[in-house]
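Student: I'd like to take a close look at one part of this protein and follow it step by step. Could you walk me through it?

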Amino acid sequence: MTVIFSKSCELGLQAVLFLSTKEKRLFNATEVSNELKVPKEYVSKVLQMLTSSGIVGSKKGKNGGFFLAKAPIEIKLIDIVEAIDGLDVFKTCVLGFPGCSHETPCPVHDKWGKLRDEAFKMLSEETLEELKDKTLNKLKLL
């Protein structure tokens with residue numbers, strides 16, 4: 001169940017983490033789809049979004065595919081989130097109340113604020129390079 005991010009964002013995070021484990025290789029959408037066990041068309045759509053943002057690169061043609069456009073140490077998880085979902089989730093009320101603030105808080109404002117800030121911090125600090133080994137272990141279980 002998604003709590004914060006859209007399904008597209010979750011897939012984008014997984015796809016980029018997967019690509020980071022195989023830096024020197026091109027993968028077509030079918031290969032990524034098979035690895036992550038999601039429909040190829042969905043993978044293609046998300047990877048195109050990430051290509052537009054400069055996180056993922058693509059090469060057209062028979063031997064084409066997708067690859068990381070930057071070194072894994074240069075890509076943070078927050079970059080992927082921003083490219084797909086944007087950063088509004090870290091700036092707006094989790095319950096959707098307009099005008100939620102410290103002065104006029106929603107029922108979960110204080111608790112959510114702490115969680116939101118911690119999540120943003122973690123996503124802003126973690127690079128793909130730091131997550132490679134854990135990603136490889138997780139992919140083996142899929």
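Student: Let's take helix α3, residues 40-52: what span should its 13 residues have at 1.5 Å a residue, and how far apart are its end C-alpha atoms?

Tutor: Happy to, and keep in mind that we're looking at a predicted model. At 1.5 Å a residue, the 13 residues of α3 should span 18 Å, and the end C-alpha atoms are 18 Å apart, so the two values agree. The expected span counts one less than the number of residues, because that is how it is defined.

Now look at which way the side chains of α3 point. Val43, Val46, Leu47 and Leu50 are the buried residues of this helix. They cover an arc of only 100° around the axis, so they sit on the same side of α3. Turn to the other side of the helix and you'll find Glu41 and Ser52, which are exposed.

What lies over that buried side? The cover on the buried residues of α3 includes α1, α2 (29-36), β1 (56-59), β2 (65-68) and α4 (77-84). Just after α3 ends, have a look at Gly54, where phi is positive, at about 90°.

Since α1 is part of that cover, let's follow it for a moment. Helix α1 covers residues 7-21, and it holds both Glu10 and Lys7. These two form a salt bridge, with their closest N and O atoms 3.4 Å apart. Why can they reach each other? Glu10 and Lys7 are three residues apart in α1, so about one helical turn separates them. As for the surroundings, Lys7 is exposed at 52% relative accessibility, while Glu10, at 22%, is partly exposed.

You can find a similar story in helix α6, residues 128-141, where Glu129 and Lys132 are three residues apart and so about one helical turn from each other. They also form a salt bridge, this one with 3.6 Å between the closest N and O atoms. Glu129 is partly exposed at 33% relative accessibility, but Lys132 is buried, with a relative accessible area of 17%.

One more pair is worth a look: Asp117 and Arg116, whose side chains meet in a salt bridge at 3.4 Å, N to O. Arg116 is buried at 16%, whereas Asp117 is partly exposed at 46%. Searching the whole structure turns up four salt bridges, and the ones I've described are among them. As a general point, side chains of opposite charge can pair when their charged atoms come close.

Definitions and conventions: Residues are numbered from 1 along each chain as its sequence is written. This is a predicted model: local features need pLDDT of at least 70, side-chain atom pairs count only at pLDDT 80 or more; totals for chains, interfaces and linings use all residues. Side-chain values use heavy atoms; hydrogens and water are left out. Helices (H or I, at least four residues) and strands (E, at least two) are DSSP runs, numbered from the N terminus. Buried means under 20% relative accessible area, exposed over 50%, partly exposed in between (1.4 Å probe, protein chains only). The arc is that of the directions from the helix axis to the C-beta atoms. Contact means heavy atoms within 4.5 Å.
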